[in-house]
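Trainee: I'd like a close look at one part of this structure: the salt bridge that ties the chains together. Could you take me through that pair, and then show me what sits around it in terms of chain contacts and helix packing?

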Number of protein chains: 2
Amino acid sequence: MPTLSPQQLEQIHRYWQASNYLAAAQIYLQDNPLLKMPLQANHIKPRLLGHWGTSPGLNFIYVHLNRLIRDTAANILYICGPGHGAPAMLANAYLEGTYTELYPAVTQDEKGMRLFFRQFSTPGGIPSHVSAHTPGSIHEGGELGYSLTHAFGAVFDNPDLLAACVVGDGEAETGPLAGSWKSIQFLNPARDGAVLPILHLNGYKISGPTVMARMPDEALEALFRGYGYEPLFVNGLDPLPAHLAMANALDEAYTRIKTIQDIARNQTETGGQLLRWPLIVLRTPKGWTGPKEWKGKQIEGSFRAHQVPLMDVKKDPAQLALLEEWLLSYAPDTLFDANGQLIPELAALPPQGDKRMSANLHANGGQLRQPLQLPDFREYALPLDAPGITTGESTVQLGKYLRDVFVLNDKQQHFRLFCPDETNSNRLQAVFEATNRCTMEPVLGTDDHLSPDGRVMEVLSEHLCQGWLEGYLLTGRHGIFPCYEAFVTIVDSMFNQHAKWLKTCQELPWRHSIASLNYLLTSHAWRQDHNGYSHQGPGFIDTVVNKKSSVIRIYLPPDANCLLSVMDHCLRSKNYVNLVVAGKQPELQWLDMKAAERHCAQGASVWEWAGNDEGQAPDVVLACAGDVPTLETVAAAWLLRKHLPALKVRVVNVVDLMSLSPQAYHPHGLPPEMFTQLFTDNAQVIFAFHGYVRIIHDLVHGRPDPARFHVRGFIEEGTTTTPFDMVVLNNMSRYHLAMEAIRRVPAIQAEAATALAYFNAQLEKHRTYIREHLEDMPEITDWKWE
Amino acid sequence: MPTLSPQQLEQIHRYWQASNYLAAAQIYLQDNPLLKMPLQANHIKPRLLGHWGTSPGLNFIYVHLNRLIRDTAANILYICGPGHGAPAMLANAYLEGTYTELYPAVTQDEKGMRLFFRQFSTPGGIPSHVSAHTPGSIHEGGELGYSLTHAFGAVFDNPDLLAACVVGDGEAETGPLAGSWKSIQFLNPARDGAVLPILHLNGYKISGPTVMARMPDEALEALFRGYGYEPLFVNGLDPLPAHLAMANALDEAYTRIKTIQDIARNQTETGGQLLRWPLIVLRTPKGWTGPKEWKGKQIEGSFRAHQVPLMDVKKDPAQLALLEEWLLSYAPDTLFDANGQLIPELAALPPQGDKRMSANLHANGGQLRQPLQLPDFREYALPLDAPGITTGESTVQLGKYLRDVFVLNDKQQHFRLFCPDETNSNRLQAVFEATNRCTMEPVLGTDDHLSPDGRVMEVLSEHLCQGWLEGYLLTGRHGIFPCYEAFVTIVDSMFNQHAKWLKTCQELPWRHSIASLNYLLTSHAWRQDHNGYSHQGPGFIDTVVNKKSSVIRIYLPPDANCLLSVMDHCLRSKNYVNLVVAGKQPELQWLDMKAAERHCAQGASVWEWAGNDEGQAPDVVLACAGDVPTLETVAAAWLLRKHLPALKVRVVNVVDLMSLSPQAYHPHGLPPEMFTQLFTDNAQVIFAFHGYVRIIHDLVHGRPDPARFHVRGFIEEGTTTTPFDMVVLNNMSRYHLAMEAIRRVPAIQAEAATALAYFNAQLEKHRTYIREHLEDMPEITDWKWE
């Protein structure tokens with residue numbers, strides 16, 4: 001039963017020609033956009049950049065999805081995975097008029113078309129891969145591997161959305177993509193939308209073949225059936241039969257999706273067998289419809305079609321003629337009128353309004369974003385009588401708060417927690433009073449809080465957690481990603497790309513604000529004493545701190561009340577990446593909620609109670625950022641007060657790391673006078689830092705006399721040991737800090753000998769004790785402020 | 001046909017009991033190791049850490065591999081993928097005597113056993129996951145996802161080696177692991193060894209179920225057949241039939257592997273059908289043989305068996321009794337004699353000498369390492385008459401050198417290049433004169449330099465490249481990993497773990513030296529002007545710079561001759577991670593080979609010809625690191641000489657980044673007097689840096705007056721533009737540098753007005769020009785030193 005009438009078939013083919021023409025012309029032409037004149041060298045751009053190879057296949061898929069939308073009114077988001085696929089996506093956005101709506105200078109006429117071609121991959125123009133500039137996209141095509149996880153993130157809690165996700169055979173080789181197929185085990189057809197993966201096999205990467213394109217159909221069929229899909233094969237060598245096959249495959253896939261959803265949503269009788277989700281395998285030549293060969297070497301269907309198939313057109317008249325022949329093969333004069341407007345017959349073909357994939361509302365998800373309902377975080381405060389005597393677990397308190405975030409947003413269904421199997425391990429288990437872990441696999445009696453409608457997405461893949469969350473946020477929802485600190489660096493590069501996306505969006509007025517991406521690193525370097533050296537790595541801060549200051553925020557709340565205040569702020573914020581580092585272990589609490597709010601609002605402040613400078617010029621400043629450094633710093637100040645009361649010590653705690661930075665570098669930088677109020681202009685500063693020392697060295701560069709900042713932090717010393725031994729190994733213990741403070745104040749040396757000897761002896765005692773008792777000395781573990 | 005005699009079966013079972021006893025006892029006991037006395041609370045460690053859940057399965061596999069080795073004399077490397085699997089691997093190394101050979105204090109008697117238990121997961125002891133401390137391991141079990149890629153890397157060019165790789169069902173969820181199955185498409189049975197993956201499904205992670213364990217056998221069968229494996233299923237609920245099934249499966253797998261190798265190596269008739277590689281799917285309960293339940297809650301076979309199944313044994317006498325019952329269920333008094341020695345009957349069971357998996361030579365690969373034969377790099381020098389007038393492509397020269405490295409080591413077969421489909425793109429294509437890309441898939445007429453015996457491993461997966469290379473190096477071979485700079489951050493976390501491994505090995509005298517891991521980042525941030533913002537990210541330097549200074553080296557050779565000198569040094573070095581950043585584009589060349597060697601040996605030097613201070617105290621120092629910053633810096637000095645000759649400028653180039661660091665932080669740090677010779681103690685320094693500015697801020701912290709260093713570098717500004725516009729956007733152009741130099745010398749301001757106006761006008765002219773012409777101004781692209 002053919003899906004397409006002969007007339008439809010012809011129109012679809014001609015629309016495809018139009019998009020192929022626009023894709024190819026973007027790569028080459030700076031002038032003569034409609035080829036009204038014979039093609040000349042001066043019509044060619046000075047530098048030829050772009051990727052033709054994948055474009056005709058992407059266009060092919062696009063026009064067929066258009067047909068499906070017209071026939072079914074489906075709400076389809078096009079996720080373009082193949083690298084450098086922008087020529088195709090831009091061509092379609094231009095044909096649909098969306099491009100002109102968003103970039104009015106690029107009109108749908110000859111002049112606009114010229115500009116459209118000129119801007120592509122040229123200075124100050126737009127990239128050759130799909131990016132934030134591309135209408136209809138939530139996905140960057142620069143770094144490969146994340147299309148499928150973005151697609152799943154987009155359709156979670158979007159029951160009417162269908163993400164058609166084109167996966168290139170290059171991208172399919174990456175680990176993150178290979179790990180994404182299993183996402184269907186987390187997709188609930190009753191409440192979520194659907195993903196239709198379209199694996200596009202065109203055979204080659206830059207110069208080598210792709211693994212999957214060389215696999216026989218039987219192997220691919222087995223593979224995807226194993227993953228739980230029903231693969232449908234489309235072979236795209238000869239265009240006309242390919243059109244028919246593709247239309248049929250899409251119809252079959254769509255019917256199958258609707259049936260699965262219908263069964264799940266309406267409890268239709270199933271005969272006991274859940275249908276497999278469809279997946280399309282599309283084989284086409286690389287650079288399909290492009291030049292067949294040049295000087296005896298095959299182009300179409302080979303790696304030579306990957307980027308610019310004819311590189312010497314500007315210099316070589318024969319190549320130029322071949323290019324002209326190629327471009328004219330699409331018969332642009334029959335597709336566009338003399339003004340450069342798409343002929344009405346073709347312009348009527350794509351869907352209209354926000355049914356256009358380039359105008360899909362979800363692709364500019366900020367416009368659909370509803371604010372998150374948040375409880376008053378103050379209600380989850382840990383009550384304190386005084387600083388440093390009560391013990392509490394920061395993330396346990398936060399878990400209760402997050403539980404109620406789930407409760408308050410139960411109707412909206414727009415908040416999820418993404419976590420690599422560590423919700424309990426991160427001590428956020430209170431959320432399971434409100435929701436479950438999500439799975440679509442069988443639930444057994446031995447399982448704990450597991451169900452298909454769970455809103456906690458646990459999977460042992462940081463890549464999936466990050467990608468799902470990105471897709472979820474980019475389509476206008478909210479979320480949080482708790483992770484072990486050492487292992488969040490697994491997604492360094494994904495974070496990089498998301499931060500770049502956010503920065504680019506700031507320059508695009510039509511992109512609506514989305515919720516911030518919130519990391520919560522609870523199992524952090526200092527308290528991975530039990531798991532050992534491989535689990536001890538605070539390097540993610542270094543990755544985050546380098547990104548654009550308008551995008552990144554870094555918080556190191558020292559206790560539970562600060563964590564609550566910070567996280568409330570993060571969940572309300574937009575367009576940032578918020579990195580929050582806070583321990584999960586029982587630890588001393590410092591600030592009551594009022595003080596915590598004040599402290600967090602300011603970013604950094606003097607803890608008067610911990611110092612003894614009494615507002616006078618201190619001999620030395622003990623500064624700290626991070627919960628463990630804070631404990632050691634306060635204890636160091638306490639030791640100094642007891643053993644060397646003559647030394648005037650000030651304690652400064654930093655919760656907002658970027659407050660240290662000069663304002664020119666980060667908007668959160670403290671004003672110079674405030675910085676001086678905290679750190680003075682000339683006192684020696686002993687800074688105990690959660691991460692690698694170099695960040696502080698950098699942040700204070702540009703502040704008065706940066707050389708006076710002496711930083712202790714993680715210096716890659718660690719093993720399986722005790723919590724206190726971790727700070728000893730890295731020279732950041734209370735004794736180390738106290739001794740360094742003394743060392744930096746020449747006037748105090750004479751009086752300090754006894755204190756120094758005592759501190760050194762304590763370190764020695766510690767080393768002996770843990771060897772004998774396999775745990776820390778009681779005077780360390782039981783230490784409190786007094 | 002049963003593989004095992006009843007006697008063998010019993011012995012294997014008892015040996016398994018012995019290893020299970022040792023695994024469990026490591027977690028709990030600090031005393032009473034043989035349970036000669038009734039178990040008391042004071043025999044229990046103060047802090048219970050360790051992972052029981054995976055251990056019995058790992059032991060089960062171990063004892064069966066032992067049997068296979070004894071029966072076949074196979075050379076087997078055990079790669080232990082599951083997280084925290086050390087109790088099992090340590091137990092076996094201890095039983096085999098290897099542990100005592102390497103750690104003589106841990107004797108094979110009661111006293112040694114007590115120490116063996118006490119050190120496990122205790123302060124200053126050894127981690128609960130497989131690590132460099134673990135005899136027989138090349139694989140860290142801390143961060144999950146890399147076991148299979150390590151296994152393949154280990155067997156490349158090791159035709160007689162079989163890597164038995166246990167993949168946990170938690171690890172199997174990660175992207176990198178999911179992307180590793182396809183490695184068989186790159187494994188040549190004629191020249192490489194074999195990998196036998198053993199997928200161990202025990203159902204749970206920390207608290208949630210695993211995806212694969214819930215997949216029915218048919219789905220797993222389809223999946224792995226799709227990947228090209230022949231899965232063999234072993235169901236391990238009841239131990240005795242499980243032993244028989246496992247022995248049969250291993251025999252079948254081994255026969256199949258030998259057959260595949262025989263066919264490939266001896267051209268035996270195949271009937272035209274290549275056999276699939278075997279893979280074992282082993283299902284066992286989590287915490288198999290451990291306690292069944294506690295207070296009505298199931299332990300064995302549930303997530304509660306993941307870590308320490310009974311946490312309160314020290315306080316709760318009933319739990320303590322259950323622990324004792326559990327430990328005694330292995331009947332330790334029948335396994336070990338009164339002195340704690342394994343009874344002879346069992347001690348005779350495992351293989352001997354270096355057939356023991358814990359003593360496999362490849363697992364301490366440095367002892368097999370043969371030095372790489374290197375050509376004289378000087379022969380590949382680009383001849384120069386003077387600095388800054390000849391154009392050359394650094395990586396093209398390097399490609400010729402690497403080609404000859406392949407040629408010279410053709411017999412040894414111990415060098416490979418690992419690259420995410422970018423060998424050509426990185427302009428190293430000369431290597432294809434000596435070797436090919438590797439594939440085991442069909443080779444077509446449209447392919448370029450592709451064959452099963454290729455030594456260039458191209459796959460679009462940075463994870464696979466990194467993991468294969470790590471496995472290759474750790475087993476004593478050599479290699480290099482060229483990569484796009486922005487995308488090498490995909491393996492940030494893998495690099496972190498490898499650097500940690502190397503650092504740990506420095507503390508283990510029995511670990512032999514291995515070849516350094518060499519990164520070559522050629523397609524770097526500044527020259528990704530064509531690919532756009534997503535391709536512009538120099539952050540990998542930040543990741544590397546934080547690791548232990550005894551492990552990491554960072555080089556930024558400014559031209560071809562420096563690159564050759566640096567790379568020759570890197571390929572000779574051991575136990576480092578060498579990061580080399582060098583552009584692939586045609587660019588001006590600065591130093592002839594003699595000067596380049598001197599410059600690289602020193603790490604940083606004054607380029608007298610580029611400055612005009614003539615050995616006097618300069619007004620300002622223009623410093624640079626990286627090829628593009630070097631070009632801009634030299635051009636800035638040239639501009640200043642022309643437009644403001646009164647300003648005395650010195651130019652310093654830094655090729656070894658860590659030479660900037662105080663010696664206390666890095667062994668390559670320049671001595672203080674040398675640093676002063678280059679940078680003076682007080683001159684203002686304008687530093688143009690390849691990466692993010694903060695690294696320089698940090699490195700000069702501790703040098704005289706760090707505040708005088710004014711750094712320009714990548715500030716996350718970029719788009720699709722021209723090469724020169726990239727430096728303009730990031731305020732690092734020659735004009736910016738020249739103006740900053742002027743700004744920092746108060747005495748020169750009056751004379752400088754004309755020059756400043758000219759520089760500003762040039763920037764404006766540039767901006768206009770690229771908009772109109774879509775390329776850089778000729779006076780920029782054609783600039784040369786004169």
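Mentor: Let's fix the term before anything else: a salt bridge here is a side-chain nitrogen of Lys or Arg within 4 Å of a carboxyl oxygen of Asp or Glu. Keep in mind too that this is a predicted model.

With that cut-off in hand, take Arg47(A) and Asp529(B): their closest N and O atoms are 2.5 Å apart, so the pair counts as a salt bridge. Over all chains, the structure holds 78 salt bridges. As for where our two partners sit, Arg47(A) is in the loop between helix H1 (6–28) and helix H2 (55–72) of chain A, while Asp529(B) is in the loop between strand E14 (517–521) and helix H16 (540–545) of chain B, so this pair joins two chains.

Zoom out to the interface itself. The rule finds twelve salt bridges across the interface of chain B and chain A. In contact terms, 118 residues of chain B touch 119 residues of chain A. About 9600 Å² is buried between the two chains, and carbon and sulfur atoms give 53% of that area.

Now back to H1(A), one of the helices flanking the Arg47(A) loop. H1(A) packs on helix H5 (residues 110–119) of chain A at about 60°, the axes being 7 Å apart. That angle makes H1(A) and H5(A) oblique to each other, and the crossing is right-handed. On the H1(A) side the contact uses Tyr21(A), Leu22(A), Ala25(A) and Gln26(A), and H5(A) brings Met113(A), Phe116(A) and Phe117(A). Sorted by class, that's six nonpolar residues, one polar and no charged ones.

For another packing in chain A, look at helix H14 (residues 462–474) and helix H15 (residues 492–506): their axes come within 11 Å and cross at roughly 15°. H14(A) and H15(A) are therefore roughly parallel to each other, and H14(A) passes H15(A) in a left-handed crossing. H14(A) puts in His463(A), Gln466(A), Gly467(A), Glu470(A) and Leu474(A), which meet Met494(A), Phe495(A), His498(A) and Trp501(A) of H15(A). The class tally for this contact is four nonpolar, four polar and one charged.

Over in chain B, helix H14 (residues 462–474) packs with helix H6 (residues 147–155) at about 50°, their axes 6 Å apart. H6(B) and H14(B) are therefore oblique to each other, with a right-handed crossing. Here Thr149(B), His150(B), Phe152(B), Gly153(B) and Ala154(B) of H6(B) are in contact with a set from H14(B) that includes His463(B), Leu464(B), Trp468(B) and Tyr472(B). By class, this contact has five nonpolar, six polar and one charged residues.

Definitions and conventions
Residues numbered from 1 in each chain as written. Chains lettered and ligands numbered in written order. Predicted model: local features only at pLDDT ≥ 70, side-chain atom pairs only at ≥ 80, totals over all residues. Heavy atoms only, no water. Axes fitted to C-alpha atoms, helices over the stretch in contact; angles between N-to-C directions. Helix = DSSP H or I, 4+ residues; strand = E, 2+ residues; numbered from the N terminus. Parallel < 35°, antiparallel > 145°, perpendicular 65-115°, else oblique. Left-handed = near helix turned anticlockwise from the far one by under 90°. Contact = heavy atoms within 4.5 Å. Nonpolar A, V, L, I, M, F, W, Y, C, P; charged D, E, K, R; others polar. Buried area = accessible area lost by both parts, 1.4 Å probe.
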